[in-house]
Amino acid sequence: MQSFRSCGLSLNTRAVYCINLQGMLDPSWADELGGMQIHHTDQEDQPPVTTLTGELPDQAALAGVLNLVYTLGMPLISVVCLQPVD
């Protein structure tokens, strides 16, 4: 089994994340979300999807973003670490 360290992540690793949420989140929330970029996707016959993309300083900041969107009542679709930052 591969450990997190061998793939370049630890709890304090700065990394770029892509977070997909069901629903529409106003771009005015960007500052509260660590400066993440906020984009929307609308597909016919599907609920809208908000994508948050950006660099976060560590996993505590990631947990803070996830807690805020949970508090806002937005269902989480996915969280992907795109790349660790040196």
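In the predicted model, T13 is located in the segment that precedes β1. The residue is buried, its relative accessibility being 13%, a value that falls under the 20% limit for this class. The side chain of T13 approaches the backbone nitrogen of S10 to 2.7 Å. Beyond the residues up to four places away in sequence, T13 touches G8, L56, P57, D58 and P84.

The segment before β1 also contains R14, where β1 itself covers residues 15-22. The side chain of R14 forms a salt bridge with that of E55, with a nitrogen-to-oxygen separation of 3.0 Å. One salt bridge is present in the structure. Because E55 belongs to strand β3 (residues 49-56) while R14 lies in the segment before β1, the pair ties together parts that are 41 residues apart in sequence. Side chains of opposite charge can pair when their charged atoms come close. R14 is partly exposed, with a relative accessibility of 35%, and E55 is likewise classed as partly exposed, at 37%.

The protein chain comprises one helix and four strands, arranged along the sequence in the pattern β-β-β-α-β. The C-alpha atoms occupy a box of roughly 40 × 30 × 20 Å along the principal axes. The chain has 86 residues, of which 30% are buried. Its accessible surface amounts to about 5,700 Å², and carbon and sulfur atoms account for 52% of this area. Of the contacts between residues at least 6 apart in sequence, 71% connect residues at least 24 apart.

Strand β3 takes part in two pairings. With β1, β3 forms an antiparallel arrangement joined by eight bridges; within β3, T50 is the residue opposite L21. Strand β2 (residues 37-41) also pairs with β3 in the antiparallel sense, over five bridges. Q37 has T53 of β3 as its bridge partner.

T51 is a further residue of strand β3. With a relative accessible area of 15%, T51 is buried, this value being under 20%. The side chains of T51 and N20 are joined by a polar contact of 2.6 Å. When neighbours within four places in sequence are set aside, the contacts of T51 are with C18, I19, N20, Q37, I38 and H39. Of these residues, I19 is also a member of the largest nonpolar core.

The largest nonpolar core contains 16 residues, and the members that touch the most others are I19, L33, M36, L52 and V65. Two or more residues of this core come from each of β1, β3 and α1 (59-71). The surroundings of M36 illustrate the packing around one of these members: apart from residues up to four places away in sequence, M36 touches Y17, I19, A30, L52, T53, G54, L56 and V65. Among them, I19, L52 and V65 appear with M36 in the group that touches the most other core members. L56 is in contact with M36 and is also touched by T13. T53 likewise contacts M36 and serves as the bridge partner of Q37.

The loop between β2 and β3 includes D42, which is exposed at 60% relative accessibility, a value over the 50% limit. Outside the residues up to four places away in sequence, D42 touches M24 and P48. The C-alpha atom of D42 lies 9.5 Å from that of G23, although the two residues are 19 positions apart along the chain. D45 is found in the loop between β2 and β3 as well. This residue is exposed, with a relative accessible area of 71%. The phi angle of D45 is near 65°, a positive value in a residue other than glycine.

How values were computed. Residues are numbered from 1 along each chain as its sequence is written. This is a predicted model: local features need pLDDT of at least 70, side-chain atom pairs count only at pLDDT 80 or more; totals for chains, interfaces and linings use all residues. Side-chain values use heavy atoms; hydrogens and water are left out. A salt bridge is a side-chain nitrogen of Lys or Arg within 4 Å of a carboxyl oxygen of Asp or Glu. Buried means under 20% relative accessible area, exposed over 50%, partly exposed in between (1.4 Å probe, protein chains only). A nonpolar core is a set of buried Ala, Val, Leu, Ile, Met, Phe, Trp, Tyr and Cys residues joined through side-chain atoms within 4.5 Å. Contact means heavy atoms within 4.5 Å. A polar contact is a pair of N or O atoms within 3.5 Å; within protein, one must be able to donate a hydrogen and the other to accept it, and residues adjacent in sequence count only if both atoms are side-chain atoms. Accessible areas come from the Shrake-Rupley method with a 1.4 Å probe; for residues, only the protein chains shown count as cover. Two strands pair if DSSP finds at least two bridges between them.
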